[in-house]
There are 2 protein chains.
Amino acid sequence: MKRILIVEDDPAILTGLETILKEEQYEVLTAMDGEKGYREARKEEIALIILDIMLPKKNGMDVCRDLRKDGVGIPILMLTSKKEEMDEVMGFEVGANDYVTKPFSPQRLLARIRNLLRPGNVRDKEVAEYAFQNVSLDFKRLEGSKNGVPFELSAKEFEVLKYFIIHEGEVISRDTLLDDVWGYESFPTTRTVDNYILSIRKKIEDNPSQPRHLLTVHTVGYKFVKEG
Amino acid sequence: MKRILIVEDDPAILTGLETILKEEQYEVLTAMDGEKGYREARKEEIALIILDIMLPKKNGMDVCRDLRKDGVGIPILMLTSKKEEMDEVMGFEVGANDYVTKPFSPQRLLARIRNLLRPGNVRDKEVAEYAFQNVSLDFKRLEGSKNGVPFELSAKEFEVLKYFIIHEGEVISRDTLLDDVWGYESFPTTRTVDNYILSIRKKIEDNPSQPRHLLTVHTVGYKFVKEG
DNA sequence: GAATCTCTTCAATATTTCAAGATAACGGAA
DNA sequence: TTCCGTTATCTTGAAATATTGAAGAGATTC
């Protein structure tokens with residue numbers, strides 16, 4: 001039985017998560033502050049950590065960063081809330097493997113968990129940098145370069161691109177992207193997504209009208225592939 | 001047309017919701033107390049339930065819990081009011097899929113509904129990957145390969161093929177396929193089905209005119225077999 | 001108050017879906 | 001077996017639908 005550590009200070013969310021995870025036959029450990037979470041993660045044999053960002057004593061990002069510094073490679077799923085959107089990017093830099101924006105549905109969370117626990121599918125994006133073909137990205141500085149020529153992406157463009165990179169190869173629908181990157185509380189249209197795609201393509205693709213990385217999947221959405 | 005059941009005792013909210021949903025082309029059923037809601041949910045074919053927590057006779061959480069106990073897996077969206085915020089996550093424990101806090105904007109509600117109704121969000125018997133003979137398919141990435149050579153299928157071709165794979169070995173009539181894959185609202189001819197079969201064969205069969213997987217059953221329909 | 005970022009709108013363009021018709025294959029009856 | 005009506009295959013092209021890309025309005029940030 002796989003063991004999951006939940007680090008979350010809101011008791012309602014904590015018990016809610018605990019229940020649904022136990023129903024899915026996971027063994028659950030809990031911690032209600034960052035320090036305890038960090039100790040548990042170091043002490044126990046754990047398959048995955050669900051880590052809130054806002055935590056007493058030591059925040060989720062510090063916990064994550066410190067664990068990575070210690071060489072702990074366990075998949076970490078971050079829980080972020082709306083106001084912390086800007087911090088999501090940090091979570092990436094900090095070494096988290098994926099994130100879910102609150103409020104989330106159990107289905108979505110479970111899907112992410114199953115994904116992270118699938119053998120060989122651990123996305124170890126522990127670095128703040130990512131490179132493919134002739135493009136390299138620095139998520140900490142929000143900069144990139146293509147063939148050594150630097151370019152800039154806005155914060156949101158970076159988030160969108162990051163989302164695609166985290167879910168490399170998967171087809172992502174516009175609605176999913178809106179929910180996960182824009183969040184539940186804003187309502188741009190799916191056209192907006194298209195425009196972000198276009199604008200990102202202009203920067204990362206050699207020939208934006210014949211994309212090799214950020215591909216259209218007609219009637220469904222888009223997907224990112226590392227090698228075209 | 002997707003059918004939504006609203007269980008809500010406040011007539012103002014109820015009619016408001018009904019109007020919004022009908023505008024969005026949903027079919028709407030209503031119930032004004034928990035017991036009636038429960039009965040409706042069990043009796044009718046429903047795509048989603050919008051369930052208030054405070055209800056006469058039987059409260060929303062009990063309705064939800066009981067439905068889940070009965071094995072009803074329909075997505076349930078809970079309506080909670082401000083004071084119950086702390087209990088929001090209880091919805092998870094109880095088996096709801098998501099919740100909206102009153103007062104809510106129509107946009108927000110619709111966003112949640114679309115989210116819950118989106119295929120793949122509710123856990124159904126999803127095929128993620130599938131392989132037979134020299135062909136492998138990835139339904140999440142919407143790509144396939146034959147003898148290691150990648151090929152592409154359109155979204156609908158994938159759906160048709162998936163339907164055959166799920167019903168492996170069964171003979172499927174053209175009409176059944178139209179009803180199940182195309183749905184009741186569209187009316188293509190049975191010739192269209194033939195075209196899809198043709199086009200899928202071109203991609204997955206070594207010799208499309210002598211199919212070994214997607215077989216014709218004369219005068220009846222087609223069937224998929226893994227090994228020919 | 002300028003500059004940048006975000007989002008919407010709309011026409012052009014591309015892809016997919018579907019139907020119709022010609023040809024080939026099938027299967028039962030003589 | 002051969003014939004003939006029925007069913008399936010496959011090509012082609014038009015209609016429906018989706019995506020692209022530019023331009024501009026509105027919001028935010030510095």
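**Exercise 1. Sort the residues of the surface near DNA strand C by class.**

Solution. Take the classes in turn. The surface near DNA strand C has six nonpolar residues. It also has 13 polar and six charged ones. Keep in mind that this is a predicted model.

**Exercise 2. Find how many residues surround DNA strand C, which are the closest, and which elements give two or more.**

Solution. Start with the count: 25 residues surround DNA strand C. Next, pick out the closest. They are A:S154, A:K156, B:S154, B:K156 and B:P188. Now turn to the elements. In chain A, helix 6 (155-166) and helix 8 (190-204) each give two or more residues. In chain B, helix 6 (155-166) and helix 8 (190-204) do so too.

**Exercise 3. Describe the surroundings of DNA strand D.**

Solution. Count first: 19 residues lie around DNA strand D. Those that come nearest are A:S209, A:T216, B:D194, B:S209 and B:T216. Then look for elements that give two or more residues. These are helix 8 of chain A and helix 8 of chain B. The largest share, five residues, comes from helix 8 of chain B. Finally, sort by class: six residues are nonpolar, ten polar and three charged.

**Exercise 4. Work out the strand order and pairing in the three-stranded sheet of chain A.**

Solution. Read the order: 10-12-11, in an open sheet with antiparallel pairing. Next, name the edges. Strand 10 (172-173) and strand 11 (214-217) of chain A each pair on one side only. Now follow one pairing. Strand 11 and strand 12 (residues 221-224) of chain A share four bridges, in the antiparallel sense. In one bridge, A:V217 has A:G221 of strand 12 as its partner.

Key: Residues numbered from 1 in each chain as written. Chains lettered and ligands numbered in written order. Predicted model: local features only at pLDDT ≥ 70, side-chain atom pairs only at ≥ 80, totals over all residues. Near = placed C-beta within 6 Å. Nonpolar A, V, L, I, M, F, W, Y, C, P; charged D, E, K, R; others polar. Pairing = 2+ DSSP bridges.
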